[in-house]
Amino acid sequence: MPLKIGLTGGIGSGKSTVAKIFELLEVPVYYADAASKRLYHTDKVLIAALKHQFGEDIYAGDQLDRDKLASIVFADKTKLDLLNSLVHPPTIRDAEEWCARQQAPYVIKEAALLFESGSAAGLDYVVGVFAPPHLRIKRVMERDGSTRDDVLRRMNQQIDENIKMKLCDFVISNNEQELVIPQVLALHQVLLRLAKHND
Ligand code: ATP
């Protein structure tokens, strides 16, 4: 079984960008957000639970109405917590099955809510991607065409970035002051060594 490395950071920190650099180094990467979007359409138990909790009409046929679900959960923190509590366990299971199929010294699981979901517990090490709030806001506004308020609202649903980084074993600075690729290359060597000791 490969060494399991988590990759996390707040919205707009650059997790996916860093994950893609690891992919170029032939490290297999599991993207939790994309996986959960797939599970919304394939996991029958999850689909039944979502319909039960949020109403049959959050699905149009077998397609999830993401706007409808978002309008429910982003207006009510309890409902967002409920949604996360339904989605995280099957995603964690799916990631574990994926890990077991990989042939590599180590694999990466990229997830925004690695600590919040409890999935960090099953990982060997966690890498954090850090960027200051003003850059994260600017990047997400440019990437998604979101308003500043929209980004702030999403940021406020995640645990404090400074606390998150303290929970990480390694931190990559993506603050547009330090070069990112050399940091990833150096960390790759460290992770390969850790994976070798783990054999
Ligand atoms: P989310 O949690 O929303 O999925 P993320 O942490 O995965 O975000 P990315 O999508 O990797 O973040 O990055 C956010 C945006 O900022 C992207 O458009 C990306 O191209 C850009 N970006 C990331 N890092 C840098 C950088 N160092 N310089 C300039 N742009 C960057």
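## A guided tour, stop by stop

Start with G55, which sits in the loop between α3 (44-54) and β3 (59-60). What you have open is a predicted model. With a relative accessible area of 23%, G55 is partly exposed. Now add L69 to the selection: 14 residues separate the pair along the chain, and their C-alpha atoms are 9.5 Å apart.

**Next stop: F74**

Move along to F74, in the loop between α4 (66-73) and α5 (77-101). F74 counts as partly exposed, because its relative accessibility is 36%. Show its contacts and, leaving out residues up to four places away in sequence, you will find L80, R153 and Q157. For a distance to draw, try F74 to G61: these two are 13 residues apart along the chain, with 23 Å between their C-alpha atoms.

**The ligand and its shell**

Now centre the view on the ligand. Which residues are the closest to it? Of the 13 residues that surround the ligand, the closest are K15, S16, T17, R143 and N174.

Turn on side chains for a few polar pairs. In the side chain of K15, an N or O atom lies 2.6 Å from an oxygen atom of the ligand. The side chain of S16 has an N or O atom 2.7 Å from a ligand oxygen. For S13, look at the backbone instead: one of its N or O atoms there is 3.3 Å from an oxygen atom of the ligand. Taken alone, the ligand exposes 630 Å², and 68% of that is buried by the protein.

Colour by secondary structure here, and two elements are worth picking out: α1 (15-24) and α6 are the ones that give two or more residues to the shell around the ligand. The most comes from α1, which gives three residues. Colouring by class instead, you will find seven polar, five charged and one nonpolar residue in this shell.

**Along helix α6**

Select residues 133-144 to highlight α6. This helix has twelve residues, and from its first C-alpha to its last it reaches 16 Å, close to the 16 Å expected at 1.5 Å a residue. Which residues of α6 are buried? They are L135, R136, I137, R139 and V140. Bring in α7 (148-156) and α8 (161-167) as well, since both are included in what covers those buried residues.

Pause on R139, which lies in this helix. Its relative accessibility is 17%, so R139 counts as buried. Setting aside neighbours within four places in sequence, R139 is in contact with G12, S13, G14, A131, N174 and E176. Two of these names return from the ligand stop: S13, with its backbone atom 3.3 Å from a ligand oxygen, and N174, listed among the closest residues to the ligand.

Step just past the end of α6 to G145, where phi is positive, at about 70°.

**Two positive phi values outside glycine**

Most residues other than glycine have a negative phi. With that in mind, visit E176, one of the contacts of R139. E176 is not a glycine, yet its phi is positive, at about 65°. You will find E176 in the loop between β7 (170-173) and α9 (180-198).

Then jump to E26, in the loop between α1 and β2 (29-31). Here too phi is positive in a residue other than glycine, near 70°. Is E26 buried or exposed? E26 is exposed, because its relative accessible area is 71%.

**Into strand β1**

Select T8, in strand β1 (residues 3-8). At 0% relative accessibility, T8 counts as buried. A polar atom of the T8 side chain lies 2.7 Å from the backbone oxygen of A111. Expand the selection to its contacts, again not counting residues up to four places away in sequence, and many residues appear, including K15, A112, F115, V127, K164 and C168. K15 is also the residue whose side chain has an N or O atom 2.6 Å from a ligand oxygen.

**Last stop: L194**

Finish in helix α9, at L194. L194 counts as partly exposed, because its relative accessibility is 22%. Apart from residues up to four places away in sequence, L194 touches L3, Y125 and F170. Draw a final distance from L194 to Y125: the two are 69 residues apart in sequence and 9.8 Å apart in space, C-alpha to C-alpha.

Terms used
Residues numbered from 1 in each chain as written. Predicted model: local features only at pLDDT ≥ 70, side-chain atom pairs only at ≥ 80, totals over all residues. Heavy atoms only, no water. Helix = DSSP H or I, 4+ residues; strand = E, 2+ residues; numbered from the N terminus. Expected span 1.5 Å × (residues − 1). Buried < 20%, exposed > 50% of the residue type's maximum accessible area, 1.4 Å probe, protein only. Contact = heavy atoms within 4.5 Å. Near = heavy atom within 4 Å. Polar contact = N/O pair within 3.5 Å; in protein donor to acceptor, adjacent residues only side chain to side chain. Areas by Shrake-Rupley, 256 points an atom, 1.4 Å probe, with all protein chains shown as cover. Nonpolar A, V, L, I, M, F, W, Y, C, P; charged D, E, K, R; others polar.
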